[in-house]
Amino acid sequence: MIIDSISYAKRHKLNVRFTVEDASRTNFDVLLKIAKLIEKAGADRFSFADTVGILHPAATSDIFSRLSSEIKIPIHGHFHNDFGLATANALQALQFGASCVDVTINGLGERCGISSLAEVVTSLDELFKVKNSWNFKILNDISSYVEEISKITDNDTRPITGKNAYTHNAGLHVSSVIKDGSL
């Protein structure tokens with residue numbers, strides 16, 4: 001199915017990012033086999049999702065270093081913040097082979113969210129001296145605006161003690177299963 005799906009998308013001139021959900025709990029040999037398969041099938045990017053936010057920076061470094069030594073297509077990282085490590089993991093992934101990571105305003109996302117745009121870009125700029133044309137002047141305004149319209153505060157998304165901690169809203173995942181019950 002993976003090969004057929006990627007082939008279909010490529011025949012229709014689409015870019016393909018193949019995401020392995022729950023990659024952080026997947027056996028590395030299986031993960032590598034999938035990565036090589038999607039690369040051979042013509043995918044443009046391999047996406048690694050720490051779906052339940054259980055990785056820590058040392059593990060992230062090891063995984064992304066190993067993946068980047070084995071596949072040639074860009075590697076993408078997606079890190080949830082269940083233990084407050086999403087930003088640290090995103091920065092580790094970028095240092096050890098990821099070409100990009102997902103970020104959101106205020107780190108919003110399922111449960112405790114994902115890597116925060118403000119934290120990642122500020123760290124890249126100040127700590128890692130990655131220069132870009134980021135407009136840091138708007139970070140406070142956009143953060144406040146998103147909090148105001150979403151009505152989601154730090155109290156909801158805070159790792160460990162936030163009201164969304166250790167919950168699971170599988171809407172996207174359930175929707176996929178409903179559309180194709182064979183998954």
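Student: Let's start simple: what share of the 183 residues in the chain is buried?

Tutor: This is a predicted model, so keep that in mind as we go. Buried here means under 20% relative accessible area. Of the 183 residues in the chain, the buried ones make up 38%.

Student: What pattern of helices and strands does the chain follow along the sequence?

Tutor: Begin with the parts: the chain has eight helices and four strands. Now put them in order, reading along the sequence. The pattern is α-β-α-β-α-β-α-β-α-α-α-α.

Student: For contacts with a separation of 6 or more, what share comes from residues 24 or more positions apart?

Tutor: Contact means heavy atoms within 4.5 Å. Take the contacts in the chain with a separation of 6 or more, and pick out those between residues 24 or more positions apart. Their share is 69%.

Student: And how much of the accessible surface belongs to carbon and sulfur atoms?

Tutor: The whole chain has an accessible surface of about 10,500 Å². The part that belongs to carbon and sulfur atoms is 56%.

Student: Helix H1 meets helix H2 somewhere. Which residues of H2 make that contact?

Tutor: H1 covers residues 2-11 and H2 covers residues 28-41, and their axes come within 9 Å, crossing at roughly 35°. The contact uses Ile2, Ile3 and Ile6 on the H1 side. On the H2 side, the residues are Leu37, Ile38 and Ala41.

Student: Is the crossing of H2 and H3 left-handed or right-handed?

Tutor: First find the pair: the axes of H2 and helix H3 (residues 57-70) come within 11 Å and cross at roughly 35°. H2 brings Phe28, Leu32, Ala35, Lys36 and Glu39 to the contact, while H3 brings Ile63, Arg66, Leu67 and Glu70. As for the hand of this crossing, it is right-handed.

Student: Arg66 came up there. Which side chain does arginine 66 meet in a salt bridge?

Tutor: Side chains of opposite charge can pair when their charged atoms come close. Arginine 66 has a partner four residues away in helix H3, about one turn of the helix. Arginine 66 is partly exposed because its relative accessibility is 36%, and the partner is partly exposed too, at 38%. The N to O distance is 3.5 Å, and the partner is aspartate 62.

Student: How many salt bridges does the count come to?

Tutor: A pair counts when a side-chain nitrogen of Lys or Arg lies within 4 Å of a carboxyl oxygen of Asp or Glu. The pair of aspartate 62 and arginine 66, at 3.5 Å, is one of them. By this rule, the count is eight.

Student: Which residues are linked with Arg111 in a network of salt bridges?

Tutor: Arginine 111 forms a salt bridge with glutamate 110, with the closest N and O atoms 3.8 Å apart. Arginine 111 is buried, since its relative accessible area is 6%, and glutamate 110 counts as buried at 19%. The residues linked with Arg111 in the network are Asp82 and Glu110.

Student: In the salt bridge of aspartate 125 and lysine 131, what is the N to O distance?

Tutor: These two partners sit in contrasting surroundings. Aspartate 125 is buried because its relative accessible area is 10%, whereas lysine 131 counts as exposed at 60%. Their side chains meet with an N to O distance of 3.4 Å.

Student: What is the phi of lysine 13?

Tutor: Most residues other than glycine have a negative phi. Lysine 13 has a positive one. You'll find lysine 13 in the loop between H1 and strand E1 (17-20), and it is exposed, with a relative accessible area of 75%. Its phi is near 60°.

Student: And where does asparagine 106 sit?

Tutor: Asparagine 106 also isn't a glycine, and its phi is positive, about 60°. Asparagine 106 counts as partly exposed because its relative accessibility is 28%. Its place is in the loop between strand E4 (98-101) and H5.

Student: Last one: what accessible area do Leu127, Phe128 and Val130 have together?

Tutor: Phenylalanine 128 lies in the loop between helix H5 (117-126) and helix H6 (139-150). Phenylalanine 128 is partly exposed at 33% relative accessible area, and patches take residues with over 30%. Leu127, Phe128 and Val130 form a nonpolar patch on the surface, and their area together is about 260 Å².

Technical notes
Residues numbered from 1 in each chain as written. Predicted model: local features only at pLDDT ≥ 70, side-chain atom pairs only at ≥ 80, totals over all residues. Heavy atoms only, no water. Patch = residues over 30% accessible without salt bridge, like charges linked within 9 Å, V, L, I, M, F, W, Y side chains within 5 Å. Areas by Shrake-Rupley, 256 points an atom, 1.4 Å probe, with all protein chains shown as cover. Helix = DSSP H or I, 4+ residues; strand = E, 2+ residues; numbered from the N terminus. Buried < 20%, exposed > 50% of the residue type's maximum accessible area, 1.4 Å probe, protein only. Axes fitted to C-alpha atoms, helices over the stretch in contact; angles between N-to-C directions. Left-handed = near helix turned anticlockwise from the far one by under 90°.
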